[in-house]
Amino acid sequence: MSAVLQSATNEAIARAGTLLRDGGLVAFPTETVYGLGADAASPRAVAKIYAAKGRPSFNPLIAHVADIAAAEQEGVFNDAAQALAHAFWPGPLTLVVPLATTASVCDLARAGLDSVALRVPANDVARALIEAAGRPVAAPSANRSGHVSPTAASHVVEDLGDRIDMILDGGPTRVGVESTIVSCLGDTPRLLRPGGASREAIRRVLGFDIASDAESSARPLAPGMLASHYAPRAKVRLNACDAREGEAVLDFGGQLAVFKAAARIDLSPSRDLVEAATNLFGALRMLDASGARAIAVAPIPDNGLGEAINDRLRRAAAER
Ligand code: TXA
Ligand code: MG
């Protein structure tokens, strides 16, 4: 076991808060995936995030804050942003808003943009850590660049155990895919990345269907928008209706249960998309570790969290 791995006791969270204030790196659970946290106000600390992850470029990071009041110190909230924040926070929604004059999030954490991505996570350990740090915590997913996002502390140990100061173990994450990202920079909110808050839930708050920027934007703002970001080593074959020689199977609702496979995981035998999202990254990791040359993935419905699941799977399947 790695020495940096600590059970998330009050005492460990207090020490982690001190580590963050001193410019260290702490991985912590959120309700979506584990984050790799650093003091968002410190360019030196933020630079360590990029180094530890081995990111090919400086991508803007999400600043995690304790509540709406803290978020309003960092960003300017128009009516839509306020409605979304009140409806979803704490929870798996990230809002991109114009930078406030009172902001503390540094340039490097924003990749030089004059906007900032903010979210209040719905996880007791995460929120206690942000309180202990006493400042916004910049945190991308706690995996090496190009690997799948971690949904358990053991995944973080595998990817970053020898590169960071502490990993707070708060058990497996509940949602399992990253937060939904909505830009509230213009008059109309835009969906930048599908995730843990569904399009349907957002429509109920806004009163209209949100338009997607993810595929149309000429410049990929996000690593999550680069083709092969969520990439296991094995090739990924989508919408499979069979399992071929040497393939592992990622099933949904028992569609491919009749086929012999090197390894097989069903994301949700009962076809529950929330359960499937929770299991997604862990399952990809396990099937990849089985050594199979390819992973055959059963068709997954595109409604609710299925949109985020299919987005991640398409990236995992992209040529690289
Ligand atoms: O669930 C999550 O969101 C997790 C947990 C740890 O909170 N975090 C996460 O962070 O997925 P990361 O760094 O993997 O993704 C951050 C995304 C990127 O796609 C980035 O481009 C986008 O947020 N982003 C950040 N600031 C932005 C900005 N100012 N404008 C547009 N996109 C921005
Ligand atoms: Mg990530």
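This is a guided tour of a predicted model, moving from one selection to the next.

Begin by selecting strand β9, residues 180-183, and show its side chains: Thr180 and Val182 point one way, Ile181 and Ser183 point the other way, and all of them are buried. This is the arrangement to look for, because in a regular strand the side chains alternate between the two faces of the sheet.

Keep β9 displayed and add strand β5, residues 93-98, which pairs with β9 in the parallel sense over four bridges; within that pairing, Leu93 stands opposite Thr180. Then add strand β10, residues 190-193, which runs antiparallel to β9 and is joined to β9 by three bridges. Here Ile181 has Arg193 as its bridge partner, and if you follow the backbone from β9 to β10 you will trace a hairpin that connects them through six residues.

Next, turn to the open sheet of four strands, whose order is β12-β15-β13-β14 and whose pairing is parallel. Its edge strands, each of which pairs on one side only, are β12 (235-237) and β14 (264-266). On average, and with direction ignored, neighbouring strands of this sheet are turned by 20° against each other. Select β13 (residues 247-251) together with β15 (residues 294-297) to see a parallel pairing over four bridges, in which Glu247 stands opposite Ala294. Adding helix α8, residues 273-289, shows a helix that lies across β13, β14 and β15 and runs at about 165° to β13.

Now move to helix α2, residues 43-53, and colour its buried residues, which are Ala45, Val46, Ile49, Tyr50, Ala52 and Lys53. Among the elements that cover these buried residues are β3 (34-39), β7 (137-138) and α6 (153-160), so it is useful to display them alongside the helix. Just after α2, pause at Gly54, which takes a positive phi of about 65°.

For the last stop, which aromatic rings form a pair in this structure, and how are they arranged? A search of the whole structure finds one aromatic pair: the rings of Phe77 and Trp89 have their centres 6.0 Å apart and their planes at 75°, so the pair is edge-to-face. Phe77 is in the loop between α3 (68-74) and α4 (79-88), whereas Trp89 is in the loop between α4 and β5, and the pair therefore ties together parts that are twelve residues apart in sequence. Phe77 counts as buried at 10% relative accessibility, and Trp89 is buried as well, with a relative accessible area of 9%.

How values were computed. Residues numbered from 1 in each chain as written. Chains lettered and ligands numbered in written order. Predicted model: local features only at pLDDT ≥ 70, side-chain atom pairs only at ≥ 80, totals over all residues. Heavy atoms only, no water. Buried < 20%, exposed > 50% of the residue type's maximum accessible area, 1.4 Å probe, protein only. Helix = DSSP H or I, 4+ residues; strand = E, 2+ residues; numbered from the N terminus. Pairing = 2+ DSSP bridges. Axes fitted to C-alpha atoms, helices over the stretch in contact; angles between N-to-C directions. Contact = heavy atoms within 4.5 Å. Phe/Tyr/Trp six-rings, centres within 6.5 Å; stacked < 30°, edge-to-face > 60°.
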